[in-house]
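I opened this model to look up a few places in it. The notes below are in the order in which I took them.

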Protein chains: 2
Amino acid sequence: MSGTLRVACVQLTSRADKAANLEKAEQLVARAAATGAHVVVLPEKWNAIGTPDELHAAAETLEGGESVHAMSGWARQHGVALVGGSITERREGREKLSNTSLVYDSEGSLTGLYRKIHMFDVEVGGHVYRESDAEEPGEEPVVLDVEGWPTGLTVCYDVRFPELYRILALQGAELVTVPAHFTLYTGKDHWELLLRARAVENQYYVAAAAQIGETLPGRLSYGRSLIADPWGVVLAVAPDEETVISAELDRRRLEDVRAKLPSLASRQASAYRWPTPA
Amino acid sequence: MSGTLRVACVQLTSRADKAANLEKAEQLVARAAATGAHVVVLPEKWNAIGTPDELHAAAETLEGGESVHAMSGWARQHGVALVGGSITERREGREKLSNTSLVYDSEGSLTGLYRKIHMFDVEVGGHVYRESDAEEPGEEPVVLDVEGWPTGLTVCYDVRFPELYRILALQGAELVTVPAHFTLYTGKDHWELLLRARAVENQYYVAAAAQIGETLPGRLSYGRSLIADPWGVVLAVAPDEETVISAELDRRRLEDVRAKLPSLASRQASAYRWPTPA
């Protein structure tokens with residue numbers, strides 16, 4: 001496993017116009033690769049944000065679709081691994097879509113995927129969000145190898161569920177990606193807090209790529225893409241614009257934190273009386 | 001269940017001189033009660049901090065001991081419920097001590113207790129801490145009624161273990177107490193972060209009473225006792241001195257947060273593939 005890894009996060013403002021989103025993302029992935037990044041992370045629903053109808057129209061299967069082909073091509077062209085934020089996925093025989101994070105290696109091959117487990121059905125800041133109108137939850141936490149680093153995949157609202165992030169740590173994750181489309185109202189109080197807490201309590205790196213600005217009419221996204229280290233130090237954070245951030249991850253840093261403050265090893269699993277099912 | 005509850009946290013500098021600690025605590029409990037508090041929370045090991053030998057000398061059984069009698073008397077005298085931070089408890093037939101949080105009702109009766117589950121065996125800020133030299137871990141999460149509020153009990157290092165705090169939420173906690181003796185080195189980066197994250201992700205109130213200053217020779221405690229609401233807003237925080245803070249908890253606030261952003265209800269327990277044991 002490599003000792004260091006440069007990770008970049010792309011921050012953008014995606015809307016319903018898929019072609020426009022693809023064009024902007026292509027430019028920002030190129031900028032991200034130019035930072036020397038080995039891994040580039042896109043935000044949630046980077047290729048299309050809109051109504052349920054617009055999401056259905058933009059959805060792609062894993063076999064085809066312009067976004068899927070574009071991600072594979074960008075990874076190969078720049079020689080970077082790509083955590084493709086998420087796209088809405090259409091699956092054979094299913095009425096609802098999935099919110100799916102696809103991962104490509106530096107040769108452009110799909111190496112794994114994660115379907116968002118927690119649906120954003122809430123009322124915040126005077127707006128109602130019902131992700132489950134168009135989408136259904138995934139069922140499986142995923143950790144896979146990305147450029148030699150065991151990497152856990154999550155999406156946005158998942159960050160409110162510490163059990164998922166703990167399970168990823170127990171499965172060996174040393175980096176967790178969080179593509180997101182966080183609201184301004186919740187983001188101002190919870191975005192950095194929860195991302196840093198996940199990094200600290202699980203002693204791994206967290207890389208969060210966010211939507212910024214007016215992604216839906218009258219609704220503002222929080223932005224502030226960030227990369228945090230296993231002590232919770234924010235290594236990079238994005239200003240409020242479409243941009244790219246990057247930081248270098250260092251496995252020795254992670255090992256040092258885990259050796260000196262061995263909270264993962266100090267778990268007392270026999271004392272955890274989970275209700276059934278947990 | 002009552003709609004509002006005033007909670008106070010006592011912050012002090014405890015050392016090995018038990019009589020001196022008792023005298024200071026008595027004064028600060030009186031100050032806390034004078035804020036109109038229904039519940040007073042003391043810090044971790046409020047009655048004695050020291051070497052393993054000093055802790056053994058200061059330890060008490062549940063039946064006797066001056067600290068146990070004092071807590072019962074203070075609760076009755078002031079008509080407040082008391083979450084007695086923690087004391088080192090000596091148990092029949094056991095070589096090691098427990099780090100035990102005792103709870104008294106406003107008539108001075110012991111209503112429940114929690115023994116700290118996670119031992120602080122770490123090396124941080126150039127110092128080694130080995131709590132398990134003198135103490136053994138507890139085995140059971142505890143939620144009990146405190147003045148009509150279901151209250152979860154934890155101690156200090158526990159705050160790094162989100163599974164414990166989640167279990168308390170699933171057991172119905174609406175308030176969780178965190179008596180603590182946090183180091184300056186870890187506190188500067190993790191104290192407020194983890195306390196607020198536990199409040200946000202579990203949508204309950206958190207009341208944390210801390211040791212402040214030089215509790216052990218050459219070793220500084222972080223202080224900054226705080227009370228956070230279910231959105232993570234810090235309602236009160238202590239300056240760097242021996243003092244008292246208080247805040248009013250409001251059940252309507254908690255219910256509003258849980259109704260609009262129902263993340264506890266949105267858990268997807270069937271997807272959580274815990275290793276065995278979890």
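Entry 1, cores. I worked from a predicted model. I looked up the largest nonpolar core and found that it holds 108 residues. The members that touch the most other members are A:Trp191 and B:Trp191. I then listed what A:Trp191 touches, leaving out residues up to four places away in sequence. The list includes A:Val178, A:Ala180, A:Phe182, A:Ala208, A:Ala210, A:Tyr222 and A:Leu226. Also on it are A:Thr186, A:Gly223, A:Arg224 and A:Ser225. I noted a second, separate core of 26 residues, with A:Tyr272, B:Tyr157, B:Phe161 and B:Val257 among them. For background I wrote down that nonpolar side chains tend to be buried together in soluble globular proteins.

Entry 2, a charged residue. Which side chain of opposite charge is nearest to A:Asp158? I found A:Lys116, at 6.4 Å. A:Asp158 has no salt bridge, yet this residue is buried. I placed A:Asp158 in the loop of chain A between strand S10 (149-153) and helix H4 (162-170). Its side chain does make a polar contact, at 2.7 Å, with the side chain of A:Tyr114. Setting aside neighbours within four places in sequence, I listed A:Tyr114, A:Lys116, A:Ile117, A:His118, A:Leu164 and A:Tyr165 as the contacts of A:Asp158.

Entry 3, a strand in chain B. How many residues of strand S5 (residues 98-104) of chain B are buried? I counted 7 of 7. I checked the two faces of S5(B) and found both covered. One side has B:Ser98, B:Thr100, B:Leu102 and B:Tyr104, and the other has B:Asn99, B:Ser101 and B:Val103.

I then went through the pairing of S5(B). Strand S3 (residues 81-83) of chain B pairs with S5(B) in the antiparallel sense over 2 bridges, and B:Val83 stands opposite B:Val103 there. Strand S4 (residues 87-89) of chain B is also antiparallel to S5(B), over 3 bridges, with B:Ile87 as the bridge partner of B:Thr100. Strand S6 (residues 110-115) of chain B pairs with S5(B) in the antiparallel sense over 5 bridges. In that pairing B:Thr100 stands opposite B:Arg115. S5(B) and S6(B) form a hairpin with 5 residues between them. In its turn I noted B:Gly108, which has a positive phi of about 90 degrees.

Entry 4, positive phi outside glycine. B:Gln203 is not a glycine, but its phi is positive, about 55 degrees. I found B:Gln203 in the loop between helix H5 (184-202) and strand S12 (205-208) of chain B. Is B:Gln203 buried or exposed? Its relative accessibility is 2%, so B:Gln203 counts as buried.

B:Arg224 also has a positive phi, near 60 degrees, and is a residue other than glycine. I found B:Arg224 in the loop between strand S14 (219-222) and strand S15 (226-228) of chain B. Its relative accessibility is 32%, so I entered B:Arg224 as partly exposed.

Entry 5, a residue in strand S1. A:Leu5 lies in strand S1 (residues 4-11) of chain A. I entered A:Leu5 as buried because its relative accessibility is 2%. Leaving out neighbours within four places in sequence, its contacts include A:His38, A:Val39, A:Trp149, A:Leu175 and A:Leu249. A:Glu147, A:Ala247 and A:Glu248 are on the list as well. I also looked up A:Ala75, 70 residues from A:Leu5 along the chain, and the C-alpha atoms of the two are separated by 16 Å.

How values were computed:
Residues numbered from 1 in each chain as written. Chains lettered and ligands numbered in written order. Predicted model: local features only at pLDDT ≥ 70, side-chain atom pairs only at ≥ 80, totals over all residues. Heavy atoms only, no water. Core = buried A, V, L, I, M, F, W, Y, C linked by side-chain atoms within 4.5 Å. Buried < 20%, exposed > 50% of the residue type's maximum accessible area, 1.4 Å probe, protein only. Contact = heavy atoms within 4.5 Å. Lys, Arg positive; Asp, Glu negative; His and termini not counted. Salt bridge = Lys/Arg side-chain N within 4 Å of Asp/Glu carboxyl O. Polar contact = N/O pair within 3.5 Å; in protein donor to acceptor, adjacent residues only side chain to side chain. Pairing = 2+ DSSP bridges.
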